[in-house]
Amino acid sequence: MANTQLCDATHVLAYIAINNKSQVKSAQIAESLQTAPSLVRRIMSRLSKAGLINTVQGATQPMLSRPANKISLLDIYLALDEHPELLKIDQHTSPDCPIGKQIPTIVHHYYDEIQNAAQAKMAVISLQDIVSDIKLSRKQSIAETK
């Protein structure tokens, strides 16, 4: 099952970047994410520990720690876990089956290739790219309703 942590953390950062002149409460971001404010605070804590945002306890003005064009999707991804993996290998296969016995070892290097390619692509996508796409999409939506 897919994990939405990267999308959620990117959402939090984009929300902060777009609303950088306003007070931003975790409850507002949670409403946008349709989740609990406590989850947003946990995400923000991870982003803060990773040096992507600056927060002050009790204050409602989280800020990006550096410009959005200097925060990559890879930075956000790495802020979420110590050893994030896109694909996990099932190690609980039958040792009595010739396929079950070998599949974890065989697919491992393919999964490593996929992981490395994904991380290389994430490194060139900035938070600013995402923020710009959001703003463009909003303008197009407004134009379509006129």
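**Figure 1. The salt bridge between Arg-66 and Asp-75.** In this predicted model, Arg-66 pairs with Asp-75 through a salt bridge, and their closest N and O atoms are 3.1 Å apart. Neither end of this pair falls in the buried class: Arg-66 is partly exposed at 30% relative accessibility, and Asp-75 is partly exposed at 26%. As a reminder of the chemistry on view, side chains of opposite charge can pair when their charged atoms come close. The structure holds two salt bridges, and the next close-up turns to the partnership of Lys-88 with Glu-85.

**Figure 2. The salt bridge between Lys-88 and Glu-85.** Here the closest N and O atoms of Lys-88 and Glu-85 are 3.8 Å apart. Lys-88 has a relative accessible area of 62%, so this residue counts as exposed. Glu-85, at 47%, counts as partly exposed, because the exposed class begins over 50%. Keep Glu-85 in mind for the following view, where this residue appears among the contacts of Gln-115.

**Figure 3. Gln-115, a buried residue of helix α5.** Gln-115 lies in α5 and has a relative accessible area of 11%, so it counts as buried. Which residues are in contact with Gln-115, leaving aside its neighbours within four places in sequence? They are Tyr-77, Pro-84, Glu-85, Leu-86 and Leu-87. The side chain of Gln-115 also makes a polar contact of 2.8 Å with the side chain of Gln-119. A helpful rule for reading this view is that an α-helix has 3.6 residues a turn, so residues three or four places apart point the same way.

**Figure 4. Helix α5 along its whole length.** With 26 residues, α5 reaches 38 Å from its first C-alpha to its last, close to the 38 Å expected at 1.5 Å a residue. Where does α5 bend by about 30 degrees? The bend is at His-108. The buried residues of α5 are Gly-100, Pro-104, Val-107, Gln-115, Ala-118 and Met-122. Among the elements that cover these buried residues are α1 and α4.

**Figure 5. The largest nonpolar core, with Leu-47 in focus.** This core has 29 residues, and the members that touch the most others are Val-12, Ile-29, Leu-47 and Ile-76. Helices α1 (5-18), α2 (26-33), α3 (37-49), α4 (73-80), α5 (98-123) and α6 (127-145) each supply at least two of its residues. The largest share, seven residues, comes from α1. Beyond its neighbours within four places in sequence, Leu-47 is in contact with Ala-9, Val-12, Leu-13, Leu-52, Ile-53, Ile-76 and Ala-79. Two of these partners, Val-12 and Ile-76, were named above with Leu-47 as members touching the most others.

**Figure 6. Gln-34 and the loop between α2 and α3.** Gln-34 lies in the loop that connects α2 and α3. Its phi is near 55 degrees, a positive value in a residue other than glycine. At 75% relative accessibility, Gln-34 counts as exposed, because the threshold for that class is over 50%.

**Figure 7. Pro-37 in helix α3.** Pro-37 belongs to helix α3 and is partly exposed, with a relative accessible area of 30%. Not counting residues up to four places away in sequence, Pro-37 touches Ser-26, Ala-27 and Ala-30. How far apart in space are Pro-37 and Ala-120, C-alpha to C-alpha? They are 32 Å apart, with a separation of 83 residues in sequence.

Conventions:
Residues are numbered from 1 along each chain as its sequence is written. This is a predicted model: local features need pLDDT of at least 70, side-chain atom pairs count only at pLDDT 80 or more; totals for chains, interfaces and linings use all residues. Side-chain values use heavy atoms; hydrogens and water are left out. A nonpolar core is a set of buried Ala, Val, Leu, Ile, Met, Phe, Trp, Tyr and Cys residues joined through side-chain atoms within 4.5 Å. Buried means under 20% relative accessible area, exposed over 50%, partly exposed in between (1.4 Å probe, protein chains only). Helices (H or I, at least four residues) and strands (E, at least two) are DSSP runs, numbered from the N terminus. Contact means heavy atoms within 4.5 Å. The expected span of a helix is 1.5 Å times one less than its number of residues. The bend at a residue is the angle between axes fitted to the seven residues ending there and the seven starting there. A polar contact is a pair of N or O atoms within 3.5 Å; within protein, one must be able to donate a hydrogen and the other to accept it, and residues adjacent in sequence count only if both atoms are side-chain atoms. A salt bridge is a side-chain nitrogen of Lys or Arg within 4 Å of a carboxyl oxygen of Asp or Glu.
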